[in-house]
Amino acid sequence: MQKSREESLRLAKDVLHFIESEELSTEEKQQIVDDSVENFEKYVNRAILKHRKAASTDFSFVEWEGEGAVFRDTKGREFIDCLGGYGVYLLGHRNPKVVKAVEAQIKRYALHSQELIDPLRGYLSKLVAAITPGDLQYSYLTNCGTEANEMALKLARIATGKKCFISTTNGFHGKTFGSLSASGKAVFREPYMPLLPGFYHVEYGNADEIEKMVKNLEATGETVAGIIVEPIQGEGGVNVPPQDYFKRLREICDEHGCLLIVDEIQTGMGRTGRMFGIEHFDVVPDIMTLGKAFGGGVMPIAAMVARPQHWSKLEENPFLLGSSTFGGNPLCCAGAIAGIKTILEENIPEVAREKGEYILTRLGKIQSQYSDLLVAVRGKGLLIGMQFANNEIGFDLAKRLFTDNILVGGTLNNATVIRIEPPAVISYEQIDTVLNAVEQHLGAMANEPQYQTVLS
C-alpha cells in the first residue's frame, strides 16, 4: 500500500494540535481515546491493552495530564497515583522545579554535538559523586536503568579481568541481554534462553549461599567479577534482606576480589527513607546504578557510578564501555540536576520515611484485622508491599481501588504482592483516602462467598 505524504503530514498536524492546545473539545477528547485504542491494536501491541489495563476493561481511561500525586484522563477523571511509574514519580508528576530547569535548557540547546565538552554532564556527575556513599566518584550516564546495569556488568569485567556474576532469585535488573541474564525471574528469562553464560543465582538475603557459590566457582576454575543485588527487591515483591546481609557481601567481595554492584534504580534518590537504599545497611558498594526517579520524574536518564580504583581501563580508552547516542544529554541532565536539588532542599528522604512509617503502621492494623486475605505488609519509606493470600485477592482489590480512582500496581499476572509507591509529595489526606479504601474493600471481600475458602 502506497503511503501518502499528505496523509502522514495531516496526521502529524492533528496530533500536534492535541499536544499544543490549551483546551480540547469533548469531541477531540473522545477522538484521542478512540485513536489510542486503534493505534495500540494496529501499531504498538494489542496485548498491552489487556495487560496494562488489567484493572479495568474500560479503555476510555487514557492518561493525559497530571501534577503532584495525581493524574487525569482525557475526560478529567482524577486518580491518586500509588504506582508512581514503579518509582519514577518520587517528586510527583511534572514537578515545577524540574520542569522549569528543562524548559530553560531546551531554550538553549537540547542535545549535544557528541564531540565538544557538554558541561551539564560534568556538573551532574559531580553532584552524583557528592550525594552517593563513600568514595563513589565516576559516573557513566545512560538513558534507562537496564543500560546502567549493562555498563556496571561491563565495567566489573574490565576492572577485575574476571568473568562470572552472582545474582539473586527474584531479582530484577532490566530486560536487555546482560541485565536480563542477571535478573532472577523465570517469566522474563525463559522466552530468551539461552541467555549470556556466566550468571548464577542464589536465594536473596542469604549471604552464606553467595559465599558458597563464589567458593564453588573458584574451586572449579571460574572467576567471579561481581555480585549484583538490590538493597530491597522491588519487582520481586518488596523483599527486605537481613540487616547484616550487605556487610557480609562486602566482606565476601573484599576477600575474593570481586565487585559489589548495588542496583539502586528503584530504591535510590530517597525512595526508602534514605538517599540510597544501601545506606540502611552502612555499606559502600564498588558500583551503584541509578534510574527511575533520577530524572526528577520528568526526563529519562540513568547512571552507573563507580569507585575510582575501578576506572583505570576507561582512562586508557574512554569509549570502551559505550552505551547510546543520547546518554547524558543536556536536556536530561538538566532534569536530573533539578531533581537532586529538589530532593535535597525538601529533604525528600525524610519525607518518604515519615509518610512510609505512617502507611506501614496503618496497613499493619488493617493486616491484623484481615490477615487471612492480607497476609503481610513490609517495606521501607515509600516502597511498600502488600502480600495477599493469592493472586486473585490482590487483583480483585486492585480493580476495586481503580473504581475509586486509585491506581496501584496490581496486574492480572502478578498481584500476589502489590506495591505502594506513591510520590513523596502525596498528602496525608490522599494517603488516608487510599488506606480507607483498602480497609473498606478488604472488609467487604471478607464477607463475600468466593473468599470463604480462604478464610476458613
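Colleague: How are helices and strands defined here, and where is R72 placed?
Modeller: Helices (H or I, at least four residues) and strands (E, at least two) are DSSP runs, numbered from the N terminus. R72 sits in strand β2, residues 70-73. This is a predicted model: local features need pLDDT of at least 70, side-chain atom pairs count only at pLDDT 80 or more, and totals for chains, interfaces and linings use all residues. Residues are numbered from 1 along each chain as its sequence is written, and side-chain values use heavy atoms, with hydrogens and water left out.

Colleague: Is R72 buried or exposed?
Modeller: Buried means under 20% relative accessible area, exposed over 50%, partly exposed in between (1.4 Å probe, protein chains only). R72 has a relative accessible area of 13%, so R72 is buried.

Colleague: What does R72 touch?
Modeller: Contact means heavy atoms within 4.5 Å. Not counting residues up to four places away in sequence, R72 touches V62, E63, W64, E65, G66, E67, R77 and E78.

Colleague: Where does S179 lie, and what does S179 touch?
Modeller: S179 is in helix α7, residues 177-182. S179 has 0% relative accessibility and therefore counts as buried. Leaving out residues up to four places away in sequence, its contacts include T146, N149 and H173.

Colleague: How do helix α13 and helix α15 cross?
Modeller: Axes are lines fitted to C-alpha atoms, for helices over the stretch in contact, and angles run from 0 to 180 degrees between N-to-C directions. The axes of α13 (residues 348-369) and α15 (residues 428-446) come within 11 Å and cross at roughly 15°.
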